[in-house]
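Me: Can you take me through a model I have open? I'd like to go over some helix packing and then the internal spaces.

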Amino acid sequence: MTRSTGRPNVDHRRLARWHLVLALVMGLWGGLDALFLRTALVTPTLGRLTAETYNAFFTTHGLTMLFLFALPAIWGVAYVAVPPLIEADDVAAPTLGAVAFWLQVPAALSIRAGTIGGILGLAGLEPVASGWTLYPPLSVLSANPAVDALLAGLALVAVGTTLTAWTLLCTILREREVRWLEVDTFTWTVLTAAVMSLLAFPVLATTVALVLADRTLATGFLLGGGGPLVWQHLFWFFAHPLVYIVVLPPMGIVSHVLPRFAGRQLFGHRSSVYSTLAIGVVSFTVWAHHMFVTGLSLPVRTVFMFTTLAVALPSSAKLCTWLVTLWGGSIRYTAPMVASLAAVGFFVVGGVTGVFLAAVPINVRYTGTYYVVAHFHLLLAGFVALALVAGVYYWFPLLTGRRLEPGLARLHVWLTVVGVAVTFGALLLVGLAQLPRRVATYPAAYAPLHQLATVGAYVIAAGQAVFLANLARSLWLGGPDPDDPWALESGPSHTREWK
């Protein structure tokens, strides 16, 4: 079954390790950006930090966490688990997968070129401060060459992600040895996210090309008239499916991990698959809810309000499958299970706050406030990150032959859960008070909540320090793990990846 690639040392586990190491490094770097932001917001007025530096931190934080942490982490977990789950010897095209990964390294350096230039004191190369959405005219008219490097990095991300998605798609379609009816829910989510990536990331590449053309050739595609609005349509047509590309595989992880530690089969396997496919389709029809304050007509806003509400239905179906699977189960509170349960909790809160934003009047009132920051991070830092933690802990023995120390693993999970709840719970309250986001200063009355959010951010950081210590302990001191590391062989859930 395995094809000769000319690179016999590149298999799916090596691709997984590369992606997960990149995700770890960039996640720590992007997390430092967030810590600097939260530290600056301890006081209502800026101290030594300038407003431009503040803007640069939230620009690089957003770009790093989405493109350089979340995507590589998701593909890394997919490379670990998908081949054994479909009983394939390896991925369909490991060399293509390797090329796709190595494009991400210069992409990361290019996206962070302004930060690197600022650290090294390179004249003229300064951190980009236009916001992670890169709205024109600011992104077009900025004289900072780091903007060009950032755009080139995003183009490389688009190419690399497209190639990675193609590799995983071909693997599932060509190397699969199990019937479609027996394909697990995690593989279905990876398959759907891969197809979505093939459709969405060429739009990102095209949009980036328009900005580069305006910057270097003075073409004027995105300046004057409706140019900035064109950018928003193109950008959000890509970026909202990106959210579901990032969310779907973590949904698959939760659907895979929960039954194994609840001692039950996943309830509603087929409905879970159908809801995955429905999310993949409907997610391409909701982009304009990010643009309700841009002057869209009432009929257009109404259509996008209903499509946005519609995407909540298959997401709710997944929640039902998780809750019914847990009902009456014999739950074992391992680190992957605790992370999964916490992810489900944050999914509920983040999802409900998002449903409110689908309504036009509420969206208009809150879209420019910290409410959106809290909603988005409850889903990404709460649901996506914790689901990825569950997947990493669960499949870590498959990747390394070792298991992370259980006590430290649970401590990491609990610190992360408490930190996320405190940080974004406080910001949700700030957002309900309609405090504007993306602003470096604020009225003194909001200082206690901002300070509480900062404490939560440092608790999250402490949790990640525990994870790093556990990882080092496992890799250097841990012994080999048994063939059935989670004692699942006698349980009702299949354990195909451990055979």
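Reply: What follows covers one helix pair, then the cavities and a pocket, all in a predicted model.

Me: Start with α1 and α3. At what angle do their axes cross?

Reply: Helix α1 (residues 12-40) and helix α3 (residues 94-111) cross at roughly 15 degrees, and their axes come within 10 Å. Angles under 35 degrees count as roughly parallel, so α1 and α3 are roughly parallel to each other.

Me: Is that crossing left-handed or right-handed?

Reply: The crossing of α1 and α3 is left-handed.

Me: Which residues meet there?

Reply: From α1 there are Leu15, Trp18, His19, Leu22 and Met26. On the α3 side they meet Pro94, Gly97, Ala98, Phe101, Trp102, Gln104 and Ala108. By class, that contact has 9 nonpolar and 3 polar residues, with no charged ones.

Me: Switching to cavities. How many are there of 30 Å³ or more?

Reply: The count is 2. The largest cavity has a volume of about 70 Å³, and the second largest has about 60 Å³.

Me: What lines the largest one?

Reply: His19, Phe67, Leu71, Pro72, Trp75, Gln104, Val157, Gly160, Thr161 and Thr164. His19 and Gln104 also appear in the contact of α1 with α3. Helices α2 (51-85) and α6 (145-174) each give at least two residues to this lining.

Me: How does that lining split by class?

Reply: It has 5 nonpolar and 5 polar residues, and no charged ones.

Me: And the second largest cavity, which residues line it?

Reply: Its lining is made up of Leu20, Val77, Val80, Gly391, Val392, Trp395, Phe396 and Leu399. The elements that supply two or more of these residues are α2 and α13 (370-400). Helix α13 has the largest share, 5 residues. By class there are 7 nonpolar residues, 1 polar and no charged.

Me: Now pockets. How much space is in the second largest one?

Reply: About 400 Å³. It is lined by 23 residues, and the closest to its centre are Glu52, Ala56, Glu126, Pro127 and Val128.

Me: Which helix gives the most to that lining?

Reply: Helix α2 does, with 5 residues. Helices α1, α2, α4 (113-120) and α5 (138-141) each supply at least two.

Me: What about charge in that pocket? How many charged residues are in the lining?

Reply: There are 4 charged residues, alongside 11 nonpolar and 8 polar. The linings of the largest cavity and the second largest cavity have no charged residues.

Conventions. Residues are numbered from 1 along each chain as its sequence is written. This is a predicted model: local features need pLDDT of at least 70, side-chain atom pairs count only at pLDDT 80 or more; totals for chains, interfaces and linings use all residues. Side-chain values use heavy atoms; hydrogens and water are left out. Axes are lines fitted to C-alpha atoms, for helices over the stretch in contact, and angles run from 0 to 180 degrees between N-to-C directions. Helices (H or I, at least four residues) and strands (E, at least two) are DSSP runs, numbered from the N terminus. Angles under 35 degrees count as roughly parallel, over 145 as roughly antiparallel, 65 to 115 as roughly perpendicular and the rest as oblique. A crossing is left-handed if the near helix is turned anticlockwise from the far one by less than a right angle, and right-handed if clockwise. Contact means heavy atoms within 4.5 Å. Ala, Val, Leu, Ile, Met, Phe, Trp, Tyr, Cys and Pro count as nonpolar, Asp, Glu, Lys and Arg as charged, and the others, Gly among them, as polar. On a 1 Å grid over the protein atoms alone, a cavity is a set of points where a 1.4 Å probe fits but cannot get out, and a pocket is an open set with protein on both sides within 12 Å along at least five of seven lines; lining residues have an atom within 4 Å of a point. Grid points are joined across faces, edges and corners, and a volume is the space filled by probe spheres set on the points.
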